[in-house]
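The following note sets out points for a colleague who is examining this structure. The points concern pockets, a strand and its partners, cysteines, and backbone angles.

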Amino acid sequence: MNDQKKKESLSLSEIKTALTGCRPAALPERIAAFRADSREGVQKLLQAAEKRYGAYEKELSRLEEMKSFERLYPECRRIGGIDEVGRGPLAGPVVAACVILPKDCEILYLNDSKQLSEKKREQLYDEIMEKAAAVGVGCVEHTVIDEINILQATYEAMRQAIAGMEIRPDRLLVDAVTIPGIDIPQRGIVHGDARSVSIAAASIVAKVTRDRMMAEFDKRYPGYDFASNKGYGSAKHIAALKELGPCPIHRRTFITNFIEV
């Protein structure tokens, strides 16, 4: 039996598995392999595979555009992207992350963590932690936020993230701000979490890290719905705050508009 006869002897289910189970980059070869199969079901599967490959190419193009800031510094081998999560909540810490991605690293669907579902963030977090050259995380607690204000606490969390890196960055790309007290060259990028792969990766690491912390706080301090609202001022959170009063992780300087402290 020649190769074409062998292909045509495969069931639609087997062909579907061959097309959906491969990496997107391998799709053109798989599509070509089944192109001569005239069965209507096979042709529909090929159309779906072509659509999937088109989406893959579009995603690659988007990621290439998101590497534009990294490409501005070809002499830098260790570019660290930095972002924070938790400036606005009424409770819990502010968390920052610094991520160095290898220059040839490909992580599909990297984006501002706010644009991603929780499930996608968790998946990307695992991939970032696996593929990154180095990751650092900084965390500043609610009590310090109350003492030094949220902006200074954010800077401190970012400095902690940099200090915790196993590999020292030789250039920093930072979401929106310039970090005081850092001797590494840095560039602040407005909306950087949606414009730089390095900052997007840091955004996801910081977000997943803080969300997991707030889920644990929810077990310790039930009633405020921290697992869902992550400490932000949702209607349910504010109602609980008024009924139960503040818990130990509430930021006292953030809740004065809702209750007396």
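1. In this predicted model, two elements, β1 (79-85) and α9, each contribute at least two residues to the lining of the second largest pocket. The largest share of that lining, three residues, is supplied by β1. The volume of this second largest pocket is about 170 Å³. Its lining comprises 14 residues, and those closest to the centre are E84, V85, G86, K114 and Y232. Sorted by class, the lining of the second largest pocket holds eight charged, four polar and two nonpolar residues.

2. The largest pocket encloses about 250 Å³ of space. It has 17 lining residues, with K67, E70, P102, K103 and V197 nearest its centre. Which elements each supply at least two residues of this lining? They are α5 (68-71) and α9 (197-220). The helix α9 therefore meets the stated level of at least two lining residues in the largest pocket and in the second largest pocket, by the assignment of helices as DSSP runs. By class, the lining of the largest pocket has nine nonpolar residues, seven charged residues and one polar residue.

3. The strand β1 also deserves attention for its surroundings. Seven of its seven residues are buried, so β1 is largely enclosed by the rest of the structure. In a regular strand, side chains alternate between the two faces of the sheet. Is each face of β1 covered or open? Both are covered: I79, G81, D83 and V85 are buried on one side, and G80, I82 and E84 are buried on the other. E84 is thus both a buried residue of β1 and one of the residues closest to the centre of the second largest pocket.

4. Two strands pair with β1. With β2 (residues 94-100), β1 runs antiparallel and is joined by six bridges; within this pairing, G81 stands opposite V99. With β4 (residues 171-175), β1 runs parallel and is joined by four bridges; here G80 stands opposite L172.

5. How many disulfides are counted in the model? The count comes to zero. C105 is in no disulfide, and the nearest cysteine sulfur, that of C98, is 14 Å away. C105 counts as buried because its relative accessibility is 11%, which is under the 20% limit. For C247, the closest cysteine sulfur belongs to C139 and lies 15 Å away, which is too far for a bond. C247 is likewise buried, with a relative accessible area of 4%.

6. The backbone angles of two residues should be noted. Most residues other than glycine have a negative phi. Y109, a residue other than glycine, has a positive phi near 75°. Y109 lies in the loop between β2 and α6 (118-131). Is Y109 buried or partly exposed? With a relative accessible area of 38%, Y109 is partly exposed.

7. K230 is a further residue other than glycine with a positive phi, near 55°. K230 is placed in the loop between α10 (226-229) and α11 (235-244). K230 counts as buried because its relative accessibility is 9%, under the 20% limit. Both loop residues thus have a positive phi, but Y109 is partly exposed, whereas K230 is buried.

Terms used:
Residues are numbered from 1 along each chain as its sequence is written. This is a predicted model: local features need pLDDT of at least 70, side-chain atom pairs count only at pLDDT 80 or more; totals for chains, interfaces and linings use all residues. Side-chain values use heavy atoms; hydrogens and water are left out. On a 1 Å grid over the protein atoms alone, a cavity is a set of points where a 1.4 Å probe fits but cannot get out, and a pocket is an open set with protein on both sides within 12 Å along at least five of seven lines; lining residues have an atom within 4 Å of a point. Grid points are joined across faces, edges and corners, and a volume is the space filled by probe spheres set on the points. Ala, Val, Leu, Ile, Met, Phe, Trp, Tyr, Cys and Pro count as nonpolar, Asp, Glu, Lys and Arg as charged, and the others, Gly among them, as polar. A disulfide is a pair of cysteine sulfur atoms within 2.5 Å. Buried means under 20% relative accessible area, exposed over 50%, partly exposed in between (1.4 Å probe, protein chains only). Two strands pair if DSSP finds at least two bridges between them.
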